[in-house]
Amino acid sequence: MLVELPEPFDWELSTERFRAFGPDPANLWVEGRVHRVFDGREVAIGEARGGVEIEPGDPALAGPVRRFLGEPFDLDGFARFAVSDSVLAGVVEALRGLRPPLSPDPYEALVSSITAQQVSLQSAFAIRARLVRRFGVAHATPWAFPTRERLAEAAPAELRELGFSGRKAEYVVSLAQSPLDLDSLGALPDDEVKLTLTALPGIGEWTADWFLARHLARPDAWPAGDLAVRKAVSAFYLEGRIGSTDEVRAFGERFSPFRNLTAHYLLVGHRVLPR
DNA sequence: TACCAGGTAAAAA
DNA sequence: TTTTTACATGGT
């Protein structure tokens with residue numbers, strides 16, 4: 001079944017993240033398709049003219065799949081915005097059709113970010129893959145990410161065996177046990193989401209920013225503390241000198257109200273475009 | 001071996 | 001309030 005996506009949409013670019021840092025059992029790339037479990041149901045997503053082809057072809061899956069592939073982002077508005085900045089315009093032109101994938105589940109999004117704190121993305125993917133295979137649910141092809149309920153009853157020592165530092169193991173379990181309704185955060189403005197999340201142990205501004213960017217798709221989220229964002233901004237705008245978090249936060253003002261897309265395009269551009 | 005990686009929390013200034 | 005320091009783990 002065809003699931004339409006707004007133009008432009010570049011399948012290879014938009015799914016690059018599922019291949020770039022190692023295999024991800026919860027978003028499994030197999031022979032040109034992404035396999036993922038949505039709300040307990042396994043779906044295979046492949047390239048198609050005008051959008052993507054999904055199997056099984058259940059119309060109820062169309063909405064979640066669209067969101068997963070970054071449908072909420074206003075690429076046309078972003079492209080018009082970018083023309084005023086020759087550097088950004090070049091990146092946007094070279095990466096036309098790139099849509100940031102969105103993490104469909106809030107707990108999965110937060111755990112994934114905690115996993116990636118202060119480790120290389122390659123390490124983070126490997127650790128998360130072990131977490132998924134240890135506590136997740138096996139389906140025919142992909143694995144469902146571990147449920148909050150399952151990790152709430154996990155022992156931190158079990159997570160430590162997978163490569164989590166002792167403190168991060170505690171963060172993941174305590175987040176699972178927290179009474180906070182993560183689904184309700186979507187109703188709050190950006191700053192209140194950040195205040196709510198950063199009150200939890202192990203979640204700082206960086207993790208909250210990525211939650212806004214990659215789960216809630218907030219247009220103006222700007223993870224200025226992210227080392228890769230700092231490096232990408234620096235490479236494109238600061239002659240390679242690596243800017244501080246404060247510098248990059250201030251520099252990002254010029255990209256408002258498209259800071260989220262800007263961050264993603266600069267990150268991917270820094271990684272895949274020839275210098 | 002030393003250093004770094006898509007940070008966070010707590011101590012110190 | 002802002003700045004500095006300790007912290008765990010895997011990869012190179």
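Modeller: Two strands pair if DSSP finds at least two bridges between them. Keep that in mind as we walk through this predicted model.

Biologist: Gladly! How do you know that strand β3 and strand β4 pair?

Modeller: β3 (residues 33-38) and β4 (residues 41-48) share five bridges in the antiparallel sense. The cut-off is at least two bridges, so five are enough to call them paired. For example, V34 has I45 of β4 as its bridge partner. Two residues lie between these strands in their hairpin, where D39 takes a positive phi near 50°.

Biologist: And what makes β4 and strand β5 a pair?

Modeller: The reasoning runs along similar lines. Five bridges join β4 to β5 (residues 51-55), and at least two are needed, so β4 and β5 pair. They run antiparallel, and the bridge partner of G46 in β5 is E53. This hairpin has two residues between its strands, and G50 has a positive phi near 85°.

Biologist: Let's turn to the helices. Why is α6 called oblique to α7?

Modeller: The axes of α6 (residues 106-116) and α7 (residues 121-135) come within 8 Å and cross at roughly 130°. That angle is not over 145, as roughly antiparallel would require, and it lies outside 65 to 115, the perpendicular range, so α6 is oblique to α7. The crossing of α6 past α7 is right-handed.

Biologist: Which residues make that contact?

Modeller: S112, T115 and A116 come from α6, while α7 brings L121, A124, I127 and R128. Four of the contact residues are nonpolar, two polar and one charged. R128 is charged because Arg belongs to that class.

Biologist: Now the DNA. What makes S120 count as near DNA strand B?

Modeller: A residue is near a strand if its C-beta atom lies within 6 Å of it, so S120 qualifies as one of the 19 residues around DNA strand B. Those that come nearest are S120, G204, W206, T207 and L227. α12 (205-214) and α13 (227-237) each give at least two residues to this surface, with the largest share, four residues, coming from α12. The surface divides into 10 nonpolar, seven polar and two charged residues.

Biologist: Which residues surround DNA strand C?

Modeller: Q118, V119, S120, S123, A126, R160, G163, S165, G166 and R167. α7 and α10 (166-177) are the elements that supply two or more of them.

Biologist: How does that surface divide into nonpolar, polar and charged?

Modeller: Two residues are nonpolar, six polar and two charged. G163 and G166 fall in the polar class because Gly is counted there.

Terms used. Residues are numbered from 1 along each chain as its sequence is written. Chains are lettered from A and ligands numbered from 1 in the order in which they are written. This is a predicted model: local features need pLDDT of at least 70, side-chain atom pairs count only at pLDDT 80 or more; totals for chains, interfaces and linings use all residues. Axes are lines fitted to C-alpha atoms, for helices over the stretch in contact, and angles run from 0 to 180 degrees between N-to-C directions. Angles under 35 degrees count as roughly parallel, over 145 as roughly antiparallel, 65 to 115 as roughly perpendicular and the rest as oblique. A crossing is left-handed if the near helix is turned anticlockwise from the far one by less than a right angle, and right-handed if clockwise. Two residues are in contact if their C-beta atoms, placed from the backbone, lie within 7 Å.
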